[in-house]
Amino acid sequence: MNSGDSADPPVPTLRLRGFDIHAGLIPAAGQAGWVDDIRAVVAAAPLVAPVTPGGRAMSVRMTAAGRLGWVADRAGYRYAARHPGGGDWPPIPERVLGLWHQVTGVQRAPDCCLINFYGAGARMGMHQDRDEGDFTFPVLSVSLGDDALFRMGGPDRTAPTQSVWLHSGDVVVMGGAARLAFHGIDRVRHGSSALLPKGGRINLTLRVVAD
């Protein structure tokens with residue numbers, strides 16, 4: 001992926017409920033390099049097992065790269081300048097930034113690249129990405145590893161939903177009407193991809209936190 005800005009973002013393979021889905025945008029031959037970049041981030045900022053403010057353990061493990069990281073604990077959901085274990089977040093890998101610019105066409109770099117790891121049985125409940133200061137910037141999501149059933153809704157929890165399977169290398173852009181839509185991961189087909197030796201899914205979510 002080119003690390004420069006692009007004036008002509010790629011046309012999505014599929015548009016559902018305002019979500020732009022770019023199927024297979026990251027070629028299989030290049031995905032191992034992405035995993036190497038993510039492992040370097042995790043070595044500097046280890047994955048943590050977050051809990052909700054109510055004390056419920058989340059099934060995903062997470063870390064982040066960039067100026068800020070998104071954290072969840074008994075104190076609430078928020079962006080933080082330092083890893084929960086101490087230390088700054090590592091920088092966002094160059095190939096990840098290149099994808100952001102290529103697909104979104106946004107010159108402003110993201111402040112946060114949230115990294116979620118889904119092991120066997122992990123899921124993510126329906127939620128909105130609304131802890132950011134400016135919702136005019138899109139959110140970009142990258143799937144690597146095992147297939148995941150992605151559910152998309154609307155701006156409130158009562159809106160009808162639609163689901164699609166995301167595969168390794170798929171990229172989703174949530175902008176415009178989809179920027180504040182509820183979405184989540186209902187389940188993961190553990191072992192459906194050979195990208196990670198022990199199975200699992202990696203999701204990268206890039207966000208501009210504040211202008």
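Four strands of this predicted model form an open sheet. Their order is 7-12-9-10. The pairing is antiparallel. Strand 7 (124–127) and strand 10 (162–166) are the edge strands, so named because each pairs on one side only. From one strand to the next, the twist averages 25°.

Which strand pairs with strand 7 over two bridges? The partner is strand 12, residues 183–188. The two run in the antiparallel sense. One residue pair can be picked out in the structure: His 127 has His 183, in strand 12, as its bridge partner.

Now for the protein as a whole. How many helices and strands does the protein have? There are two helices and 13 strands. The radius of gyration is 16 Å, and the globule rule gives 17 Å for 211 residues, so the protein is as compact as a globular protein of that length. The C-alpha trace spans about 40 × 40 × 40 Å along the principal axes.

The table lists some values for the whole protein.

| Property | Value |
|---|---|
| Radius of gyration | 16 Å |
| Buried share of the 211 residues | 52% |
| Accessible surface | about 9,400 Å² |
| Carbon and sulfur share of the accessible surface | 53% |

Contacts also tell us about the chain. Take the contacts with a separation of 6 or more. Of these, 73% join residues 24 or more positions apart. Burial can be read the same way: buried residues make up 52% of the 211 residues.

Definitions and conventions:
Residues are numbered from 1 along each chain as its sequence is written. This is a predicted model: local features need pLDDT of at least 70, side-chain atom pairs count only at pLDDT 80 or more; totals for chains, interfaces and linings use all residues. Side-chain values use heavy atoms; hydrogens and water are left out. Axes are lines fitted to C-alpha atoms, for helices over the stretch in contact, and angles run from 0 to 180 degrees between N-to-C directions. The radius of gyration is taken over C-alpha atoms; the globule rule is 2.2 Å times the number of residues to the power 0.38. Buried means under 20% relative accessible area, exposed over 50%, partly exposed in between (1.4 Å probe, protein chains only). Contact means heavy atoms within 4.5 Å. Accessible areas come from the Shrake-Rupley method with a 1.4 Å probe; for residues, only the protein chains shown count as cover.
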